[in-house]
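Visitor: I should like to go through this structure in a series of questions, beginning with the ligand and its surroundings. Please reason briefly before each answer.

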Amino acid sequence: MIPINRPWIDNEEKDEIIKVIDENALTSAARDGGKRVQEFESSLRTFLNVKHVVAVNSGTAALHAALLALDIKSDDEVLLPSFTFVATANAVVASGAKPVFVDINNKDYTIDLHDLKKKISKKSKAIIPVHLYGHPADLTELNEIANQHSLYIIEDACQSLGSTYKNKQTGTFGKMGCFSMYASKVLTAGEGGAIVTNEDETADTLKMIRNHGMVEGYDTRLLGLNYRLPELSAAIAKIQMKKLKTILDLRRRNSLLLSNLLETIIKKYNIKIPQEDQIKKFNWYLYTLAFNGSGDLTLRDHIKKKLIENGIGVAVYYDPPVHKTPFYQKFSLNGDDLQNTNWSSEHVLSFPVHPGVSEMDIQNIVNVLEKELQNII
Ligand SMILES: Cc1ncc(COP(=O)(O)O)c(C=O)c1O
């Protein structure tokens, strides 16, 4: 089976982990974190060209810490897409704010600016654009809207490490940007995350938040939690940073090959493929197609089943969308205002393009897909 994503870990990561154990330095509760945390932060800082990186123990922790740093009140609303991993919404609820779900555009599945403008209210405090699948949201327009309404932007860049917008890294546009190093992500630590910011004061606050609000010992100054990244995870992340460029190159190679080979099929079967433009460049975290067709068992679901039977680990991100999950139903009226979200959740299918996928695998994926489409339609 070709999995949808697989971490690329080898001897260098293993050696670094052993060093952490030999040094008996599993973690550090110092304000600036342990040696490897600091080394990882420094290389991510350079890669992103950003002033501060604060490593934490998950992308969820990164989002929650960023929201805590905004000093959210219980009346505040935070605008975010429902077409995301539930962590984005969970962080909002955990911060005490109310999530307001905004539709996505049907071009690249990122937050829809028209619906966003309609949903901004006097209670709005922040917008969380999600760079889903590694597709950057419309950041210039988002910044303009945020400025007009005095709203903060926290970018959910958990899926978009290495994606750029106007040649600048995603995650570095808002007040803060949040990254994940979960096992499936472009760069992994098993579990891990990071918040980035260009503001000195915000970085200081975030360092306190990741360590129980403390600065010099037992002197809690604001609400924080244990969001520290362990040294074992930082050791993996630090070595992964050395591979990042190669990882991104291989993902791009696989994705462009897939797009080339799919050219005739997409026209014949009315399939939508992901497309970059002059402004938005993807990290190709997920290569996501949209299949038209409806009925009880949609074309997408047929294709998914058949490809998995053939050893191709395709996956759906996300069905159901957050507003349709039992817990979140109470936060959206009836979802009628989220039409593109609803449509996408029923029609998208993501394909593996990670560095462990060879050019022959890509050819095989296309052959199987074409055969199954011919059988079904
Ligand atoms: C869009 C998005 N937001 C947030 C998260 C949360 O990250 P983590 O799993 O590291 O907590 C993830 C990843 O899982 C994600 O894909």
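**The ligand and its pocket**

Visitor: Where does the ligand sit?
Guide: The model under discussion is a predicted one. A molecule is assigned to a cavity or pocket if more than half of its atoms lie within 2 Å of the grid points. By that test, the ligand sits in the largest pocket.

Visitor: Which elements give two or more residues to the shell around the ligand, and which gives the most?
Guide: Two or more shell residues come from each of helix H3 (59-69) and helix H4 (87-95). The element that gives the most to this shell, with 3 residues, is H3.

Visitor: How many residues surround the ligand, and which are the closest?
Guide: A residue is counted here if one of its heavy atoms lies within 4 Å of the ligand. The shell has 17 residues, which divide into 7 nonpolar, 8 polar and 2 charged. The closest are Gly59, Thr60, Asp156, Ser180 and Lys185.

Visitor: What is the distance from an oxygen atom of the ligand to the side chain of Thr60?
Guide: Oxygen atoms of the ligand have polar partners in the protein, including a polar backbone atom of Gly59 at 2.7 Å. A side-chain N or O atom of Gln159 is 2.9 Å from a ligand oxygen. For an N or O atom in the side chain of Thr60, the distance to an oxygen atom of the ligand is 2.4 Å.

Visitor: How much of the ligand's accessible area does the protein cover?
Guide: On its own, the ligand has 380 Å² of accessible area. The share of this area covered by the protein is 94%.

Visitor: How much space lies in the largest pocket, and which residues lie nearest its centre?
Guide: The space in the largest pocket is about 370 Å³. Its lining has 24 residues, by class 11 nonpolar, 10 polar and 3 charged. Nearest the centre lie Phe85, Ser180, Tyr182, Lys185 and Tyr318.

Visitor: Which element provides the largest share of the lining of the largest pocket?
Guide: The elements that give two or more residues to this lining are H3 and H4. The largest share, 3 residues, comes from H3.

**Cavities**

Visitor: What is the volume of the largest cavity?
Guide: A cavity differs from a pocket in that a 1.4 Å probe fits but cannot get out. The structure holds 2 cavities of 30 Å³ or more. The volume of the largest cavity is about 60 Å³.

Visitor: How is the lining of the largest cavity divided by class?
Guide: Among the residues that line the largest cavity are Asn5, Arg6, Trp8, Lys185, Gln240 and Arg251. By class, this lining has 5 nonpolar, 4 polar and 3 charged residues.

**Backbone features**

Visitor: Where are Tyr318 and Pro320 found, and what is the omega of the cis bond before each?
Guide: Tyr318 has its place in the loop between helix H9 (299-309) and helix H10 (339-347), and Pro320 is found in the loop between H9 and H10. A cis peptide bond joins Tyr317 and Tyr318, with omega about 5°. The peptide bond from Asp319 to Pro320 is also cis, and its omega is near 5°.

Visitor: What is the phi of Asn270, and what is that of Trp284?
Guide: Asn270 is found in the loop between helix H8 (231-269) and strand E10 (271-272). Trp284 is found in the loop between strand E11 (280-281) and strand E12 (287-291). Although Asn270 is not a glycine, its phi is positive, at about 55°. Trp284, not a glycine either, has a positive phi of about 55°.

Key. Residues numbered from 1 in each chain as written. Predicted model: local features only at pLDDT ≥ 70, side-chain atom pairs only at ≥ 80, totals over all residues. Heavy atoms only, no water. Polar contact = N/O pair within 3.5 Å; in protein donor to acceptor, adjacent residues only side chain to side chain. Areas by Shrake-Rupley, 256 points an atom, 1.4 Å probe, with all protein chains shown as cover. 1 Å grid on protein atoms, 1.4 Å probe; cavity = no way out; pocket = protein on both sides within 12 Å on 5 of 7 lines; lining within 4 Å. Helix = DSSP H or I, 4+ residues; strand = E, 2+ residues; numbered from the N terminus. Nonpolar A, V, L, I, M, F, W, Y, C, P; charged D, E, K, R; others polar. Points joined across faces, edges and corners; volume = space filled by probe spheres on them.
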